[in-house]
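Visitor: I am new to this structure and would like a close look at a single part. Please take one strand and follow what surrounds it.

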Amino acid sequence: MDNKITKNSTVLLIDLKDSSRQYLVQVSKNKFATKDGSINLAELLDKEFGSVISTHLGAKFAVLQPTVYDRIMKGIKRTTQIVYPKDAGYILLSLDVRSGMRIFECGSGSGAMTALLANAVAPNGKIISYEKEKRFYEISKQNLEELDVLDYVELYNRDIADGVEGAPFDAIFIDIRQPWEFVEILWESLSPGAPIVFILPTTNQVIRLLQAIEHNSGFADIEVAETLLRFYKPVPERFRPKDRMVAHTVFIISAKKICKL
């Protein structure tokens, strides 16, 4: 992997005195202003990721190569609530995502989870994603282009109520408001034994989905979970939890397709 910064690079600038101050910046000939002075971005050219650069006032910033996490959390346009990284990792494991898989997604939203799925199935796999809202579809497409994963996604401005094309799929991820209405369609779209994951924010939605799954009788290994992640202050003299944490975000409902009883 080339560790050199070029004119096409996007870099993550982190204030070495306050790591909460982080900026995702496209390298150019311009200057980037911070409250502690400006950074001449042209000076970054041909430096290595991991270098340290100073503002004109002497404040020091680490220059790092952004991860997929950084690009999603700090760089994409959001009009819908994105899937938090604390949930995304568990979802990827539950779906057993690997390179070469064909995965169906419904509810692209801002494209954050779509991008993570696409990154995981690349270079030989494909995400087939439906988003029925035109404005969300356009934003998702733009974000996927900026994250450079659109080659691994077939994105459609389409409602799942109109049917699912291209089945069977190796896995399915569903992020829509009323998934219980489509449990039968989704069961038919899965390969035998393949996993499906739904995310929902409220208990009443989860109950309705579980009732629909039970009525369908074509799923096993059904689980409901939520993930909680707490960060700590990395200061030896006062090591303790941070004052705030993102607690409940979504319920993660997973299952695997079986032959109907």
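Guide: What follows starts with strand 1, moves to its partners, and then places them in the whole chain.

This is a predicted model, in which local features need pLDDT of at least 70, side-chain atom pairs count only at pLDDT 80 or more, and totals for chains, interfaces and linings use all residues. Residues are numbered from 1 along each chain as its sequence is written, and side-chain values use heavy atoms, with hydrogens and water left out.

Strand 1 covers residues 10–15. Helices and strands here are DSSP runs numbered from the N terminus, a helix being H or I with at least four residues and a strand being E with at least two. Six of the six residues of strand 1 are buried, so the rest of the structure largely encloses it. Buried means under 20% relative accessible area, exposed means over 50%, and partly exposed is in between, with a 1.4 Å probe and protein chains only. Both faces of the strand are covered: T10, L12 and I14 are buried on one side, and V11, L13 and D15 on the other.

Strand 1 has a partner in strand 2, and the two pair in the antiparallel sense over five bridges. Two strands pair if DSSP finds at least two bridges between them. V11 has V25 of strand 2 as its bridge partner. The two strands form a hairpin, with six residues between them. Strand 1 also pairs with strand 6, again in the antiparallel sense, over four bridges. There L13 stands opposite V63.

Strands 2 and 6 are also linked through an aromatic pair, Y23 with F61. The pair is tilted, with 6.3 Å centre to centre and 45° between the planes. Rings of Phe, Tyr and Trp (its six-membered ring) pair if their centres lie within 6.5 Å; planes under 30 degrees apart count as stacked, over 60 as edge-to-face and the rest as tilted. Y23 lies in strand 2 (residues 22–26) and F61 in strand 6 (residues 60–64), so the pair ties together parts that are 38 residues apart in sequence. F61 is buried, at 0% relative accessibility, whereas Y23 is partly exposed, at 23% relative accessible area.

This is one of six aromatic pairs in the structure. Another joins Y232 and F239, whose ring centres are 5.3 Å apart with planes at 20°, so that pair is stacked. Y232 is partly exposed, with a relative accessible area of 35%, and F239 is exposed, at 58%. Elsewhere, F104, Y130, Y156 and F169 form one aromatic cluster.

The largest nonpolar core has 30 residues, and I72, I91, L95, I103, M113, L117 and F173 touch the most other members. A nonpolar core is a set of buried Ala, Val, Leu, Ile, Met, Phe, Trp, Tyr and Cys residues joined through side-chain atoms within 4.5 Å. Among the elements that each supply at least two residues of this core are helix 2 (85–94) and strand 10 (171–174). Helix 3 gives the most, with seven residues. A second, separate core of 28 residues includes C106, W180, F219 and I253.

As for the whole, the protein chain has six helices and 13 strands. Buried residues make up 44% of its 261 residues. Along its principal axes, the C-alpha trace spans about 70 × 40 × 30 Å.
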